[in-house]
Amino acid sequence: VQLQASGGGLVQPGGSLRLSCVASGSIFSIAVMGWYRQVPGKQRELVAAITSGGSTNYADSVKGRFTISRDNAKNTVYLQMNSLKPEDTAVYFCNADLRTTLWRGSAYWGQGTLVTVSS
């Protein structure tokens, strides 16, 4: 199983970016997909998560600015980030809580994509 994230880059404050993450391989089902972020010297933190049924959870710091969505048929999760602030600068990692068989499950991580918000 692999998670491939894309969409990071450099953006000015107030701008927007859209991150994507595709899960591939031998996948039976995916319960939760999410985005985390990490800056040097700090712990990785949850940004947003979404269940297969569409229930969402957001960090307080991104509520109203970020929107998480997913395409279950494509095993893909998206993060639309609007009104970006310099404090959103971080490496963003996608995560999937998935099962490879009915009886075997684990959490998987993508490789991380850098988002830099700066003028």
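Helices (H or I, at least four residues) and strands (E, at least two) are DSSP runs, numbered from the N terminus. Residues are numbered from 1 along each chain as its sequence is written. The model is predicted, with local features requiring pLDDT of at least 70, side-chain atom pairs counting only at pLDDT 80 or more, and totals for chains, interfaces and linings using all residues, while side-chain values use heavy atoms and leave out hydrogens and water.

**Stop 1: the whole chain**

Show the protein chain as a cartoon. It has eleven strands and zero helices, in the order β-β-β-β-β-β-β-β-β-β-β along the sequence. The radius of gyration, taken over C-alpha atoms, is 14 Å. The globule rule (2.2 Å times the number of residues to the power 0.38) gives 14 Å for 119 residues, so the chain is as compact as a globular protein of that length. Along the principal axes, the C-alpha atoms fill a box of roughly 50 × 25 × 20 Å.

Next, colour by relative accessible area. Buried means under 20%, exposed over 50%, and partly exposed in between (1.4 Å probe, protein chains only). Of the 119 residues, 38% count as buried. Switch to the surface: the accessible area, from the Shrake-Rupley method with a 1.4 Å probe, comes to about 6400 Å², and carbon and sulfur atoms hold 48% of that.

A contact here means heavy atoms within 4.5 Å. Among contacts with a separation of 6 or more, 53% are between residues 24 or more positions apart.

**Stop 2: the charges**

Select Lys and Arg as positive and Asp and Glu as negative, leaving out His and the chain ends. This gives 11 positive and 6 negative side chains, and the centres of the two sets lie 5 Å apart. Each charge is placed at NZ of Lys, CZ of Arg, CG of Asp or CD of Glu.

Side chains of opposite charge can pair when their charged atoms come close. A salt bridge is a side-chain nitrogen of Lys or Arg within 4 Å of a carboxyl oxygen of Asp or Glu. How many salt bridges does the structure hold? There are four, and the next two stops visit some of them.

**Stop 3: Asp88**

Select Asp88, in the loop between E8 and E9. Is Asp88 buried or exposed? Its relative accessibility is 1%, so Asp88 counts as buried. Beyond its neighbours within four places in sequence, Asp88 is in contact with Arg37, Arg65, Phe66, Ser83, Val115 and Val117.

Show the side chain of Arg37 next. Asp88 and Arg37 form a salt bridge at 3.0 Å, N to O. Arg37 sits in strand E4 (residues 29-38) and Asp88 in the loop between strand E8 (76-81) and strand E9 (90-101), so this pair ties together parts that are 51 residues apart in sequence.

Then add Arg65, which meets Asp88 in a salt bridge at 2.7 Å, N to O. Arg65 is in the loop between strand E6 (56-58) and E7, so the Asp88 and Arg65 pair ties together parts that are 23 residues apart in sequence. Both Asp88 and Arg65 are buried. Salt bridges with shared partners join Arg37, Glu45, Arg65 and Asp88 into one network.

**Stop 4: Arg37 and Glu45**

Keep Arg37 on screen and add Glu45. Their side chains meet in a salt bridge at 2.7 Å, N to O. Arg37 has a relative accessible area of 7% and is buried, whereas Glu45, at 37%, is partly exposed.

**Stop 5: Phe66**

Select Phe66, in strand E7 (residues 66-71). Its relative accessibility is 3%, so Phe66 counts as buried. Which residues does Phe66 touch, not counting those up to four places away in sequence? They are Arg37, Val47, Tyr58, Leu79, Gln80, Met81, Asn82, Leu84, Asp88 and Tyr92. To check a distance, pick the C-alpha atoms of Phe66 and Ser20: they are 13 Å apart in space, and the two residues are 46 apart in sequence.

**Stop 6: two positive phi angles**

Most residues other than glycine have a negative phi. Select Asn75, in the loop between E7 and E8. Asn75 is not a glycine, yet its phi is positive, about 50°. With a relative accessible area of 24%, Asn75 is partly exposed.

Finish at Ser83, in the loop between E8 and E9. Ser83 also has a positive phi of about 50° although it is not a glycine. At 40% relative accessibility, Ser83 is partly exposed.
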